[in-house]
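Here are a few exercises to work through with the model open in your viewer. Try each task before you read the solution under it.

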Amino acid sequence: MSMITEKIKKIVEDYDDITVGIFGSHSAKETGISAKSFGLRTVVVVQKGRDRLYTDFNRHLYDEVIVLDSFKDLLNREVQEKLVEMNTIFIPNRSFAVYVGYDGIESEFEVPIYGNRYMLRAEERNFEKGQYYLLDKAGLRYPKEFSSPDEIDRLVVVKVQQAKNPLERAFFYADSPEDYYRQAEELIKQGVITEEGLKKARIEEYVLGARFNANFHCYALKDVFGDFDFVGFSDRRQVNLQGFLNLPARDQLKINVPVKNEEIGHYGVTMRESKQQMVYEYAEKFIRTCEKEYPPGLIGLFGLQGAIAYDNDRLEFFVFDVSPRVPGDPAIGPTSPEMRNLSIKHKKRIEDPLDLTMLELISARELGRLKEVVT
């Protein structure tokens with residue numbers, strides 16, 4: 001157990017109530033809505049210049065607001081002390097991981113986090129124990145990777161960091177080494193990507209299938225709630241890909257601008273029931289692997305994002321991406337039939353996946369077991 005985790009376990013022993021800590025980006029509204037719906041106090045941490053959504057338009061969701069010049073200032077001693085004084089348990093999201101940084105979260109952020117802070121780094125594709133390492137250990141299918149552009153012998157998707165946005169990637173598609181180099185040169189010239197970013201890009205086979213983001217909630221208090229719950233499927237709406245797809249093919253060919261695949265929204269989807277067991281079993285295998293590789297394993301919401309596609313006349317689930325934290329998709333709750341299912345299971349009205357987070361936090365507090373759900 002790390003020094004930080006030991007401190008965290010001691011800190012929550014003194015908590016007689018809970019304030020849910022929210023990072024003012026990504027899924028802050030969803031988290032605030034769920035926390036307030038369950039009667040929990042909330043504190044939102046916002047950055048000047050990108051705060052009005054929370055401080056003006058949705059101020060009713062947050063009991064306290066902490067305004068910072070930069071999100072990185074969350075690591076300042078006085079900010080952390082204020083959060084601990086409020087009995088804060090922080091809910092990690094993607095923006096928190098990116099803007100505060102893994103090193104700071106793992107070794108400097110002495111505020112209890114609901115979930116496993118050490119798994120946030122596993123989202124990175126180039127990290128030695130990152131998501132592909134975990135997928136491999138779990139025995140889950142994912143697209144074939146090409147280690148060099150010169151190996152390309154079929155349609156591939158190239159996933160490369162956008163030059164000006166640390167949260168998003170620019171995708172491009174190629175079917176030969178020549179096609180790859182031509183497009184890469186053009187994107188660098190346009191300032192969409194950098195040469196440095198291209199060196200770290202992932203080149204993988206394009207899987208021709210129906211896309212599904214499969215979302216789950218894994219419990220720390222398994223004796224109370226069970227192992228995990230499936231919360232629903234969704235898919236992404238992306239800029240500027242969506243604009244291309246809205247045009248007839250002959251008109252798409254007239255547009256000479258790069259496809260960015262920048263996530264801008266989501267929508268709910270469903271999957272044929274006869275194929276759902278496969279997705280549950282993927283989650284189960286992934287959870288068991290994370291317990292071994294990143295003890296105590298997954299706690300809270302996570303997503304396996306991929307596609308159902310044919311492999312030798314058999315439908316398989318190919319995982320493109322792993323999100324070891326809140327998926328940040330407000331469409332899941334309103335569009336998922338699983339909300340009714342979970343309401344029956346837990347004998348409480350469940351309207352959003354984050355309601356399960358609040359249920360576990362409240363139960364852990366009442367049972368005196370908060371240290372089991374935090375790191």
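**Exercise 1. The outer face of a helix**

Keep in mind that this is a predicted model. Task: find which exposed residues sit on the face of α4 turned away from its buried side, then work out which residues of α4 are buried and what covers them.

Solution.
- Step 1: Glu78 and Glu85 are the exposed residues on the face of α4 turned away from the buried side.
- Step 2: Now flip the view. In α4, which spans residues 77-85, the buried residues are Val79, Gln80 and Leu83.
- Step 3: Look down the axis of α4. The buried residues fall within an arc of 95°, so they line one face of the helix.
- Step 4: It helps to recall that an α-helix has 3.6 residues a turn, so residues three or four places apart point the same way.
- Step 5: The cover over these buried residues includes β2 (41-47), β3 (64-68) and β4 (88-90).
- Step 6: Just past the helix, check Asn87, which follows α4 and has a positive phi near 60°.

**Exercise 2. Same game, another helix**

Task: list the buried residues of α15, and say which residues are exposed on its other side.

Solution.
- Step 1: Helix α15 runs over residues 338-346, and its buried residues are Glu338, Met339, Leu342, Ser343 and His346.
- Step 2: Down the axis of α15, these residues fall within an arc of 145°, so they line one face of the helix.
- Step 3: Arg340 and Ile344 are exposed on the other side of α15.
- Step 4: Among the elements that cover the buried residues of α15 are α10 (222-225), β10, α13, α14 (332-335) and α16 (354-366).
- Step 5: After α15 comes Lys347, with a positive phi near 55°.

**Exercise 3. Backbone oddities**

Task: locate the loops that hold Asn240, Pro296, His26 and Asn312, and say what the backbone does at each.

Solution.
- Step 1: Start with the background: most residues other than glycine have a negative phi, and most peptide bonds are trans.
- Step 2: The peptide bond from Val239 to Asn240 is cis, with omega near 0°. Asn240 is in the loop between β10 (228-239) and α11 (241-245).
- Step 3: The bond from Pro295 to Pro296 is cis too, with omega near 5°. Here the loop is the one between α13 (273-293) and β12 (300-311).
- Step 4: His26 isn't a glycine, yet its phi is positive, at about 65°. You'll find His26 in the loop between β1 (19-23) and α2 (28-37).
- Step 5: Asn312, also not a glycine, has a positive phi of about 55°. Asn312 is in the loop between β12 and β13 (314-323).
- Step 6: Compare with the cut-offs, where exposed is over 50% and partly exposed lies between 20% and that value. His26 is partly exposed at 31% relative accessibility, while Asn312 is exposed at 73%.

**Exercise 4. Two strand residues**

Task: decide whether Arg202 is buried or exposed, do the same for Phe317, and find what each one touches.

Solution.
- Step 1: Arg202 lies in strand β8, residues 202-205. A residue counts as buried under 20% relative accessible area, and Arg202 is at 6%, so it is buried.
- Step 2: Leaving out neighbours within four places in sequence, Arg202 has contacts that include Arg125, Tyr132, Tyr142, Glu145 and Val157.
- Step 3: Gln161 is 41 residues from Arg202 in sequence, and their C-alpha atoms are 9.7 Å apart.
- Step 4: Phe317 lies in strand β13 and is buried, with a relative accessible area of 0%.
- Step 5: With the same neighbours set aside, Phe317 is in contact with residues including Phe212, Met278, Tyr282, Leu304 and Ile308.
- Step 6: Phe317 and Ile152 are 165 residues apart along the chain, with 23 Å between their C-alpha atoms.

**Exercise 5. Zooming out**

Task: describe the chain as a whole, from its helices and strands to its charges.

Solution.
- Step 1: The protein chain has 16 helices and 13 strands.
- Step 2: Its radius of gyration is 21 Å, close to the 21 Å that the globule rule gives for 375 residues, so the chain is as compact as a globular protein of that length.
- Step 3: Buried residues make up 57% of the 375 residues.
- Step 4: The chain exposes about 17500 Å², with 47% of it supplied by carbon and sulfur atoms.
- Step 5: The 52 positive and 61 negative charges have mean positions 2 Å apart.

Terms used. Residues numbered from 1 in each chain as written. Predicted model: local features only at pLDDT ≥ 70, side-chain atom pairs only at ≥ 80, totals over all residues. Heavy atoms only, no water. Buried < 20%, exposed > 50% of the residue type's maximum accessible area, 1.4 Å probe, protein only. Helix = DSSP H or I, 4+ residues; strand = E, 2+ residues; numbered from the N terminus. Arc of directions from axis to C-beta. Contact = heavy atoms within 4.5 Å. Rg over C-alpha atoms; globule rule 2.2 N^0.38 Å. Areas by Shrake-Rupley, 256 points an atom, 1.4 Å probe, with all protein chains shown as cover. Lys, Arg positive; Asp, Glu negative; His and termini not counted. Charge placed at Lys NZ, Arg CZ, Asp CG, Glu CD.
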